Each structure stands twice: as structure tokens, then as C-alpha cells.
Amino acid sequence: MNKTKRTLNELLVHIFNYILAIEEKNLKDSGLPLSMNDVHILECIQKAKDNNMSYIAKALMITQGTLTTNISKLVQKGYVVKYKDEYDKRVTRLKLTELCDPILKMHDEFHEKLIEKTMGDLGLEDNILLNEILENRPLKLYYIILLLIWKEQIQKLLEKHSKCV
């Protein structure tokens, strides 16, 4: 792997881990008895077009067995209800309970603050450009967007990397 790829890989891993750590700290500070994984499963159920187990597992990119294990824990804690489809009893569907409402609201607020803080340094023109990029070429330009948004972290990482080399 060349230097640019290594640096970009380190940056992306750092950004991902940093955001995950912030999310986990926010969740822990709130005193909720759930993991970040649990919250992301609840969020996926809430936003899914279809609430059957197969669809949710695919959306989360996990196996149905892994989802079943996680859902069983969430059912025991009272956050999710499992039920059979009324037309096809082979299909298991999921429904969130009211206990999820404040958790998902808090999680949405966290993401809103994260985005607001991230975009804080960008001017209106940059926001328009960023929006066009996201709408028209989200996969191809994803890394460029990350580089733009997290420029301070990139500079620090590059400085750190150049001292090591």
C-alpha cells in the first residue's frame, strides 16, 4: 500500500473510531442500558421500509442469526416486540415499543449536533456544493467529502504521520 493510501486508510479508520467513541460516550453518559449496536438496530427498525427480520438483517449487513440474538435481548429488555406476519406466518416482523422513543430522539439529536458541528466551518457556497456532491455522486466522492469536512483531523494525522516516517 502506498503512502497516500495508508494515510487515507488511517484517516478513515480514525474518523470512524472517533465518531463511534463519541456516540458511545454520549450513550454511556445518558445512563441507558443499551449498547451502540442496540441503538443502531432500533434506529434501523424505525427507519426501515419493511419491518421483517430478513430486511432488517440485510439493511444492517449482518446475518439473520446475529440479528435474532440481538433482537432477543431487545425483546427481553422491552424495546422490541416480535410478531408473525398476518398473511405469511413464516415472516417475523418487528415493532418498537414506546421505550424507544426517547432513546431514538436522543440519538437523532446527537447526529444533528454532529452534523451541525461538522458543517460549522463551511460557508453557504460550500454547503450547496456539498449537497450537490452528496446527491449526485455519493459513493464516488465520499472520501473527498470526508477530507473536506475533517480537514483539521487530516492535518493533525498528516503531521503525526510525517514525524513517524
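Going from the N terminus, the elements of the chain run α-α-α-α-β-β-α-α-α-α. That's 8 helices and 2 strands, where helices (H or I, at least four residues) and strands (E, at least two) are DSSP runs, numbered from the N terminus. Before I go on, this is a predicted model, so local features need pLDDT of at least 70 and side-chain atom pairs count only at pLDDT 80 or more, while totals for chains, interfaces and linings use all residues. Residues are numbered from 1 along each chain as its sequence is written, and side-chain values use heavy atoms, with hydrogens and water left out.

Okay, the overall numbers. The chain has 165 residues, and 30% of them are buried; buried means under 20% relative accessible area, exposed means over 50%, and partly exposed is in between, with a 1.4 Å probe and protein chains only. As for contacts, meaning heavy atoms within 4.5 Å, take those between residues at least 6 apart in sequence: 52% of them join residues at least 24 apart.

Now some helix packing. Two packed helices are described by the angle between their axes and the distance between the axes. The axes here are lines fitted to C-alpha atoms, for helices over the stretch in contact, and angles run from 0 to 180 degrees between N-to-C directions.

Start with H1, residues 3-30, and H2, residues 36-47: their axes come within 10 Å and cross at roughly 95°. That makes H1 and H2 roughly perpendicular to each other, the label for 65 to 115 degrees; under 35 is roughly parallel, over 145 roughly antiparallel, and the rest oblique. Who makes the contact? From H1 it's Leu20, Glu23, Glu24 and Leu27, and from H2 it's Met36, Val39 and His40. Sorted by class, that contact has 4 nonpolar, 1 polar and 2 charged residues. For the classes, Ala, Val, Leu, Ile, Met, Phe, Trp, Tyr, Cys and Pro count as nonpolar, Asp, Glu, Lys and Arg as charged, and the others, Gly among them, as polar.

On to H3, residues 53-60, and H4, residues 64-76. Their axes come within 9 Å, crossing at roughly 105°, so H3 and H4 are roughly perpendicular to each other too. H3 brings Met53, Ser54, Ile56, Ala57 and Leu60 to the contact, and H4 brings Gln64, Leu67, Thr68 and Ile71. This time the classes come out as 6 nonpolar, 3 polar and no charged residues.

In the loop between H3 and H4 you'll find Met61. Its phi is positive, about 60°, although Met61 is not a glycine. Is Met61 buried or exposed? Exposed, with a relative accessible area of 75%.

Next, empty space. Rolling a probe the size of a water molecule over the atoms shows where empty space is left. How many cavities of 30 Å³ or more does a search of the whole structure find? Just 1. A cavity, on a 1 Å grid over the protein atoms alone, is a set of points where a 1.4 Å probe fits but cannot get out, and lining residues have an atom within 4 Å of a point. The largest cavity has a volume of about 40 Å³, volume being the space filled by probe spheres set on the points, with grid points joined across faces, edges and corners. Around the largest cavity sit Glu23, Asn26, Leu27, Met36, Met106, His107 and Phe110. H1 and H5, which is 100-119, each supply at least two residues of that lining. You'll recognise Glu23, Leu27 and Met36 from the contact of H1 with H2. By class, the lining has 4 nonpolar, 2 polar and 1 charged residues.

Last, a few single residues to click on. Asp38 is in H2, and Asp38 is buried at 8% relative accessible area. Leaving out residues up to four places away in sequence, Asp38 touches Asn70, Leu74 and Lys77.

Cys100 is in H5, and Cys100 is buried as well, with a relative accessible area of 0%. With that same sequence exclusion, up to four places away, Cys100 touches Leu42 and Tyr79. Cys100 and Val80 are 20 residues apart in sequence and 8.3 Å apart in space, C-alpha to C-alpha.

And Ser72, in H4, counts as partly exposed at 32% relative accessibility. From Ser72 to Lys82 is 10 residues in sequence and 8.9 Å in space, C-alpha to C-alpha.

Notes:
On a 1 Å grid over the protein atoms alone, a cavity is a set of points where a 1.4 Å probe fits but cannot get out, and a pocket is an open set with protein on both sides within 12 Å along at least five of seven lines; lining residues have an atom within 4 Å of a point.
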